[in-house]
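Visitor: I would like to learn how to read some features of a protein model. Please take them one at a time, with the general idea before the case.

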Amino acid sequence: MRFQTRHKSHSNEWLFSIRLVLIGLCLGVLAGCEQPAEVYKLSGQTMGTTWHITLTVPAGLEVKDQQLLAGIDTTLEAVNTSMSTYREDSEISRFNASPVGQDFQVSPGFYQVLSAAMVVGLQSSGAYDVTVGPLVNLWGFGPSGLVEAPPSAKAIAEHMKRVGQDHLILDGENYLLRKSADVYLDFSSIAKGYAVDAVARWLIAEGVRDYLVEIGGEMRVSGLSPRGDAWRIAIEQPDIGQFDIARAMSLDNAAVATSGDYRNYFEADGIRYSHSIDPRTGYPVAHELVSVTVVHPSAMMADAWATALTVLGAEDAWSVAQAQGLAVYLMQRDGEGFRSRYTQPFAPYLEDAPIEQ
């Protein structure tokens, strides 16, 4: 058997190392202010991907460059320390290694992410499950690294015994977590969204109201863009090897996440295997739904729902999105091209407008 890996969904480590691109731009439109507002563009690496932030510091607000960097650094490092399966000493790795039946103390943030994930798991009828980690690793998309061949049906069946959020017992009053089976949590489908929200909260606490925070494609915007109008975001056309715009969105005070199988996959003997693993079957998804974009007040929830709907497939995703009142844009294969549809709550965000670069 010839096995060739073309794309994978995670890097070998969740690293955080800031590479700063900092641009201070004075906006002369604020007449009468002694000190004009400033626009900053920052970028770096975290969670095996990149982050980009554009923000406007209001006139008169004493926020220094290094203060911004330190706050973002501290916020993202806290998420990594808690939720990275690529770190042996992280909170999630320590829980994964803990004995079955033993109470494990978790942080409030960890509990928030797990609780939200389990809600999405219930509302998606099990299509989303953060205990899918053993299967993610088995298929070569996790911290265990690449595999040399697709796993056997027997191996998949064995790993399925460790999957299921019903193996988790939560004590919300005391922030305790216990497992009834040897489960392995994987927050990779929700942690980036949580990190986006965490950075946004920190910026708001510092007095910044106009910002775009993006981590690995998940983003949240607030207030106005540097142009003084709404933030304009692109929905990507799901074409391999190139970037084209399918639709434009206009957002204000909202989060958006996109999930799809057209970037992260591997091929073996002419068969393409998506990085999106269905926790109900143990196999990568194989259907015509290729891209799901979700707009939500929370980037964490947008991130999780984008993954859940991708696993469900076009028709079930549409039904669940309608039932939950979600703002969703779906794209699926249609012969040599694609066709799209969106729920009514998504309609207000679609505009023919320039795209944020």
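Guide: We go from the whole chain to a sheet, a covered strand, a helix residue and some ring contacts.

Visitor: How many helices and strands does the chain hold?

Guide: This is a predicted model. The chain has 8 helices and 17 strands. Of its 357 residues, 53% are buried. The exposed surface is about 15800 Å², and carbon and sulfur atoms supply 49% of that area. Among contacts with a separation of 6 or more, 64% join residues 24 or more positions apart.

Visitor: In what order do the strands of the open sheet with S5 run?

Guide: The general idea is to list the strands by their partners. Here 3 strands form an open sheet in the order S5-S7-S6, with antiparallel pairing. Strand S5 (104–105) and strand S6 (168–171) each have a single partner strand, so these two are the edges and one side of each lacks a neighbour in the sheet.

Visitor: Over how many bridges do S5 and S7 pair?

Guide: S5 and strand S7 (residues 176–179) pair over 2 bridges, in the antiparallel sense. For the register, look for Gln105, which stands opposite Leu176 in S7.

Visitor: Which helix lies across S6 and S7?

Guide: Helix H3 (residues 108–123) does, and its direction is at about 125 degrees to S6.

Visitor: What should I keep in mind about side chains when I look at a strand?

Guide: In a regular strand, side chains alternate between the two faces of the sheet. Now take a case where burial can be counted. Strand S12 (residues 254–260) is mostly covered, with 6 of its 7 residues buried.

Visitor: Which strands pair with S12, and over how many bridges?

Guide: Strand S9 (residues 218–222) pairs with S12 over 3 bridges, and strand S15 (residues 289–296) pairs with S12 over 6. Both pairings are antiparallel. To fix the register, use Ala254 in S12, the bridge partner of Val221. Then use Ala255, whose bridge partner in S15 is His296.

Visitor: Is Leu138 buried or exposed?

Guide: The general idea is to compare relative accessibility with a cut-off, and buried means under 20%. Leu138 has 15% relative accessibility, so this residue counts as buried. Leu138 lies in helix H4 (residues 133–138).

Visitor: Which residues does Leu138 touch, leaving out those up to four places away in sequence?

Guide: They are Val147, Pro151, Ala155, Ile156 and His159. For Pro151, sequence and space can be read together: Leu138 and Pro151 are 13 residues apart in sequence, and their C-alpha atoms are 6.8 Å apart.

Visitor: How many aromatic pairs does the structure hold?

Guide: There are 8 aromatic pairs. To describe one, take the distance between ring centres and the angle between planes. For Tyr342 and Phe346 the centres are 6.5 Å apart and the planes stand at 45 degrees, so the pair is tilted. Tyr342 is partly exposed, with a relative accessible area of 36%, whereas Phe346 is buried at 0% relative accessibility.

Visitor: Which residues form one aromatic cluster with Tyr342?

Guide: Tyr329, Phe346 and Tyr349 form one aromatic cluster with Tyr342.

Visitor: Where does the charged end of Arg341 sit?

Guide: For such a contact, look for a charged end above the face of a ring. The charged end of Arg341 sits over the ring of Trp318, 4.6 Å from its centre. Lys179 lies over the face of Phe95, at 4.8 Å from the ring centre. Lys179 also brings us back to the open sheet, as S7 covers residues 176–179.

Terms used: Residues are numbered from 1 along each chain as its sequence is written. This is a predicted model: local features need pLDDT of at least 70, side-chain atom pairs count only at pLDDT 80 or more; totals for chains, interfaces and linings use all residues. Side-chain values use heavy atoms; hydrogens and water are left out. Two strands pair if DSSP finds at least two bridges between them. Helices (H or I, at least four residues) and strands (E, at least two) are DSSP runs, numbered from the N terminus. Contact means heavy atoms within 4.5 Å. Axes are lines fitted to C-alpha atoms, for helices over the stretch in contact, and angles run from 0 to 180 degrees between N-to-C directions. Rings of Phe, Tyr and Trp (its six-membered ring) pair if their centres lie within 6.5 Å; planes under 30 degrees apart count as stacked, over 60 as edge-to-face and the rest as tilted. Buried means under 20% relative accessible area, exposed over 50%, partly exposed in between (1.4 Å probe, protein chains only). A charge sits over a ring if NZ of Lys or CZ of Arg is within 6 Å of the ring centre and within 35 degrees of the ring normal. Accessible areas come from the Shrake-Rupley method with a 1.4 Å probe; for residues, only the protein chains shown count as cover.
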